[in-house]
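Visitor: Pick one part of this model and take me through it up close, please. I'd like the residues, their neighbours and whatever ties them together.

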Amino acid sequence: MSRDTSGTPGAVDETVGSVGEFALIARITEGRTYPDSVVLGPGDDAAVLAAADGRVVVTTDMLVEGRHFRRDWSSALDIGRKAIAQNGADVAAMGARCTGFVVALSCPSDVPMSWIDRLNAGLWEEAVRAGAAVVGGDTTGGDRLVLSVTALGDLAGRRPVRRDGARPGDVLAVSGPTGASAAGLAVLTAGVESHAALESHAGVESHAGVESHADVVAAHRVPQPDYDAGPIASRAGATAMCDVSDGLVADATHLAVASGVVLAVESDRLPVSAAVRSAAADLGVDVLDWVLGGGEDHVLLATFPADAALPAGWTVVGSARADGGGDGGGAGDGGTVTVDGHEWTGPRGWTSF
């Protein structure tokens, strides 16, 4: 993964405080082009997006420094891309395509403008990859860096794919492997990079842990959702769907509870990348702890009718059944997830509190 070490406009000693709010906003919005979905971009009291479908998909998420990202582990470009990706994946999980993003930023006044420039570049890079644009937002001072992103999307006439549509007999499938982000976090947590190395680029990728497991570290820094996977799954007949942000078991539980079914996961069918297996072996971790309990992969988890032709890239990992049947428990166990017929006792994924 490339790192954003290129030069940026403005004096080296410029900070957010010295530039001021309006110059900051002008710098963030200057020289950008917008897709056809943007009728009116930044510069007025609000942006205007086309809504040809007559409905708008809306979701929002927040990243707090020290809680969701660390500047000594991720570059500004990485953080910007991740902020957009985790919101764009939620739009895709509804079966929609992204049309615009609104970004609110709170930060201390001594944050260098060069860092903000790289953050903005990351926001835009991922927004464009999602087929959309950053159409507005807000800035304010604060004690720590906080990014709040609102994503908007278009269903193009399709029904939204909700969490409550899974039915007994459906198959459970994922749009890609899980566990890479958790593996990358574990590599970083094991004690890899210094802030000085990250900022100077010197020696960042030469550390043994990062060098040996660069793929999973990159996956943690910047998840790369397949923004087409959601709309394609919708057209293929997906009955329920969600983004895997908290962990596969945790998010499967959301589907199971909403649909009132038991979702039975078969561990030997889970797609696991060689990079994740390698990191697990080196760190002495059961790879299923990451694959089932790790979050922030932002692949999609969905149920489909048993006779549906799954889109390319999707892998069947289990099935849905009515509560009270099979080997997962007694009557009334709808809304649960089993792994190989038993309750999963490993890590269950991210919780906010």
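Guide: Let's come in through tyrosine 34: beyond the residues up to four places away in sequence, tyrosine 34 touches Thr29, Pro42, Trp124, Ala133 and Val134, where contact means heavy atoms within 4.5 Å. Before going on, keep in mind that this is a predicted model, with local features needing pLDDT of at least 70 and side-chain atom pairs pLDDT 80 or more, while totals for chains, interfaces and linings use all residues. Residues are numbered from 1 along each chain as its sequence is written, and side-chain values use heavy atoms, with hydrogens and water left out.

Tyrosine 34 sits in the loop between helix H2 (21-29) and strand E1; helices (H or I, at least four residues) and strands (E, at least two) are DSSP runs, numbered from the N terminus. Its relative accessible area is 29%, so tyrosine 34 is partly exposed. The bands are under 20% for buried, over 50% for exposed and partly exposed in between (1.4 Å probe, protein chains only). One of its contacts, valine 134, lies 100 residues away along the chain, yet the two C-alpha atoms are 8.4 Å apart. A little further along the sequence, valine 39 is in strand E1 (residues 38-40) and, at 59% relative accessible area, is exposed.

Now for the main stop, the pair of helices H3 and H4. Helix H3 spans residues 76-93 and helix H4 residues 113-129. They pack at about 40°, with axes 7 Å apart. On the H3 side, the contact is made by Ala76, Leu77, Ile79, Gly80, Arg81, Ala83, Ile84 and Ala85. On the H4 side, Trp115, Arg118, Leu119, Ala121, Gly122, Leu123, Glu125, Glu126, Ala127 and Arg129 take part. The axes here are lines fitted to C-alpha atoms, for helices over the stretch in contact, with angles running from 0 to 180 degrees between N-to-C directions.

Zoom in on leucine 119, which belongs to helix H4. With 2% relative accessibility, leucine 119 counts as buried. Setting aside neighbours within four places in sequence, leucine 119 is in contact with Ala76, Leu77, Ile79, Gly80, Leu105 and Leu147. Aspartate 78 is 41 residues away along the chain from leucine 119, and their C-alpha atoms are separated by 7.6 Å.

The same pair of helices also has charged links to look at. Arginine 81 and glutamate 125 meet through their side chains in a salt bridge, at 3.4 Å from N to O; the term covers a side-chain nitrogen of Lys or Arg within 4 Å of a carboxyl oxygen of Asp or Glu. Since arginine 81 is in helix H3 and glutamate 125 in helix H4, this pair ties together parts that are 44 residues apart in sequence. Arginine 81 is buried at 10% relative accessibility, whereas glutamate 125, at 39%, is partly exposed. Arginine 81 also forms a salt bridge with glutamate 126, and here the closest N and O atoms are 2.9 Å apart. That link, too, runs from H3 to H4, joining parts of the chain 45 residues apart. Glutamate 126 has 0% relative accessibility, so it counts as buried.

For contrast, take a salt bridge elsewhere: aspartate 164 pairs with arginine 162, the closest N and O atoms being 2.5 Å apart. Aspartate 164 is partly exposed at 29%, and so is arginine 162, at 48%. Back at the helix pair, salt bridges that share partners join Arg81, Glu125, Glu126 and Arg129 into one network. In total, the structure holds ten salt bridges.

One more stop, over on strand E3 (residues 57-64), where threonine 59 lies. Threonine 59 has a relative accessible area of 17%, so it falls in the buried class. Apart from neighbours within four places in sequence, threonine 59 is in contact with Asn87, Asp90, Val91, Val149, Thr150 and Ala151.

Step back, and here's the whole chain around those spots. The chain has twelve helices and 13 strands, and 50% of its 353 residues count as buried. Of the contacts with a separation of 6 or more, 84% are between residues 24 or more positions apart. The H3–H4 salt bridges from arginine 81 are a handy place to start looking, with partners 44 residues away in one case and 45 in the other.
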